[in-house]
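Trainee: I have the model open. Can we go through it one question at a time?

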Amino acid sequence: MNRIAKEQRMSKTILITGATDGIGRLTATKLAERGHTVLLHGRNQAKLDAVAAEIGGRAETYVADLSRISEVESMAAQVAERHAELDVLINNAGVLKTTKPRTPEGLDVRFVVNTLAPYVLTRRLLSIIPKSGRIVNLSSAAQAPVDPAALAGRVQLDDMPAYAQSKLAITIWTAELAKELDGGPVVVAVNPGSLLASKMVKEGFGVAGKDLGIGARILIEAALEPSFADASGKYFDNDAGRFAPPHAAAADSTQVTVVMTGIDEALARLQ
Ligand SMILES: NC(=O)c1ccc[n+]([C@@H]2O[C@H](COP(=O)([O-])OP(=O)(O)OC[C@H]3O[C@@H](n4cnc5c(N)ncnc54)[C@H](OP(=O)(O)O)[C@@H]3O)[C@@H](O)[C@H]2O)c1
């Protein structure tokens, strides 16, 4: 039996955020081709409908602007209402450049979309993710120590520092949640590969970029393959093609406290 036929026997239910473009869209398409039930998230219904049409039959769509935590909460409730079990959550949606870097509450959109929204979505869906399940969080090679004042919205950063700090923050909460979820599900942070040919990379760096398949392949491996079965709390660096330590600041207990406290305080303001 070939791999696709085998996987179809073991069809999984997989929610992927930011499935309307770039790495997320390609990952969703490939997972659906393999017979998995793919739940597509996006912020634009027309783009979601186009991806769902491309995938055909079994794709559900969920609309939520991840810069609005109330929309993240509603989406989690809708998913949990329709599914008793979610095998895999891929927190893929992300933002680097934006014309509106601040939310109405005064927080940086990069922290809200890249760090806080996946944290809330994950927490809200934990009750339907089995111990054998997986949570795959999109990190990046771009990571920088988190300035608590920036996370709290008291200091405004440029695009790249805001992005890099938000990506270290998601990498840190991934490791912290893994400690809490001892025994499963697996929660892992993945740098999908640098400068892959997405909208984010074209707008952010003005380059065409490398094959998006590099990113989609590693996300699918992280979601399904035995090579990630013991990966909880780890960081996979797809530029190096191996598990690796994230930015050194992730090992600094002060940074961990800054991030975990900052997340709680920011969410208290948003909820
Ligand atoms: N490409 C790379 O080289 C690279 C490298 C390292 C890490 N990453 C990470 O990989 C992930 C995917 O990025 P990509 O390169 O594929 O970027 P992309 O093509 O820009 O796709 C980003 C996805 O996130 C969605 N999104 C952005 N802001 C949102 C919001 N406020 N609410 C809901 N959805 C939102 C986008 O929706 P729309 O379609 O509506 O815009 C899109 O579906 C990101 O987390 C990124 O940081 C990428």
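Trainee: Which backbone nitrogen lies 2.8 Å from a polar atom of the side chain of Thr-17?

Mentor: Keep in mind that this is a predicted model. Thr-17 is found in the loop between β1 and α2. Thr-17 is buried, because its relative accessible area is 2% and the cut-off for buried is under 20%. The backbone nitrogen that lies 2.8 Å from a polar atom of its side chain belongs to Asn-92.

Trainee: Is Asn-91 buried or exposed?

Mentor: Start with its place, which is strand β4. Asn-91 and Leu-89 point one way from β4, and Val-88 and Ile-90 point the other way. The relative accessibility of Asn-91 is 3%, under the 20% cut-off, so Asn-91 counts as buried.

Trainee: Which residue in β5 stands opposite Asn-91?

Mentor: Strands β4 and β5 (residues 134-138) pair in the parallel sense, over four bridges. Strands of a sheet pair through backbone hydrogen bonds. Opposite Asn-91 in β5 stands Asn-137.

Trainee: And in β4, what is the bridge partner of Ile-14?

Mentor: Strand β1 (residues 13-16) runs parallel to strand β4 (residues 88-91). Three bridges join the two. The partner of Ile-14 is Val-88.

Trainee: Which are the edge strands of the sheet?

Mentor: The sheet is open, with eight strands and mixed pairing. Its order is β3-β2-β1-β4-β5-β6-β7-β8. Each edge strand pairs on one side only, and these are β3 (60-63) and β8 (242-243).

Trainee: On to the ligand. How much of its accessible area does the protein cover?

Mentor: The ligand is surrounded by 32 residues. A polar side-chain atom of Ser-198 lies 2.5 Å from a ligand oxygen. A backbone N or O atom of Leu-196 lies 2.7 Å from an oxygen atom of the ligand. Of the 890 Å² of accessible area that the ligand has on its own, the protein covers 96%.

Trainee: Which residue has a backbone N or O atom 2.8 Å from a nitrogen atom of the ligand?

Mentor: The closest residues to the ligand are Thr-20, Lys-47, Tyr-163, Leu-196 and Ser-198. The residue you want is not named in that list. The backbone N or O atom 2.8 Å from the ligand nitrogen belongs to Leu-66.

Trainee: Now charges. Which residues are linked with Arg-110 in a network of salt bridges?

Mentor: Asp-108 forms a salt bridge with Arg-110, with the closest N and O atoms 2.7 Å apart. Asp-159 also forms a salt bridge with Arg-110, at 2.8 Å. That second pair links distant parts of the chain, helix α7 and helix α5, 49 residues apart. The network joins Arg-110 to Asp-108 and Asp-159.

Trainee: Why does Arg-110 count as buried?

Mentor: The cut-off for buried is under 20% relative accessible area. Asp-159, at 26%, is therefore partly exposed. Arg-110 is buried because its relative accessible area is 0%.

Trainee: How many residues apart are Arg-25 and Glu-54?

Mentor: Their side chains meet in a salt bridge, 2.5 Å from N to O. Arg-25 lies in helix α2 and Glu-54 in helix α3 (residues 45-55). The pair links distant parts of the chain, 29 residues apart.

Trainee: Last one. What accessible area do Met-160, Leu-195, Phe-205 and Val-207 have together?

Mentor: These residues form a nonpolar patch on the surface. Phe-205 is in helix α8 (residues 199-205). Phe-205 is partly exposed, with a relative accessible area of 41%. Together the patch has about 310 Å².

Technical notes:
Residues numbered from 1 in each chain as written. Predicted model: local features only at pLDDT ≥ 70, side-chain atom pairs only at ≥ 80, totals over all residues. Heavy atoms only, no water. Patch = residues over 30% accessible without salt bridge, like charges linked within 9 Å, V, L, I, M, F, W, Y side chains within 5 Å. Areas by Shrake-Rupley, 256 points an atom, 1.4 Å probe, with all protein chains shown as cover. Salt bridge = Lys/Arg side-chain N within 4 Å of Asp/Glu carboxyl O. Buried < 20%, exposed > 50% of the residue type's maximum accessible area, 1.4 Å probe, protein only. Near = heavy atom within 4 Å. Polar contact = N/O pair within 3.5 Å; in protein donor to acceptor, adjacent residues only side chain to side chain. Pairing = 2+ DSSP bridges.
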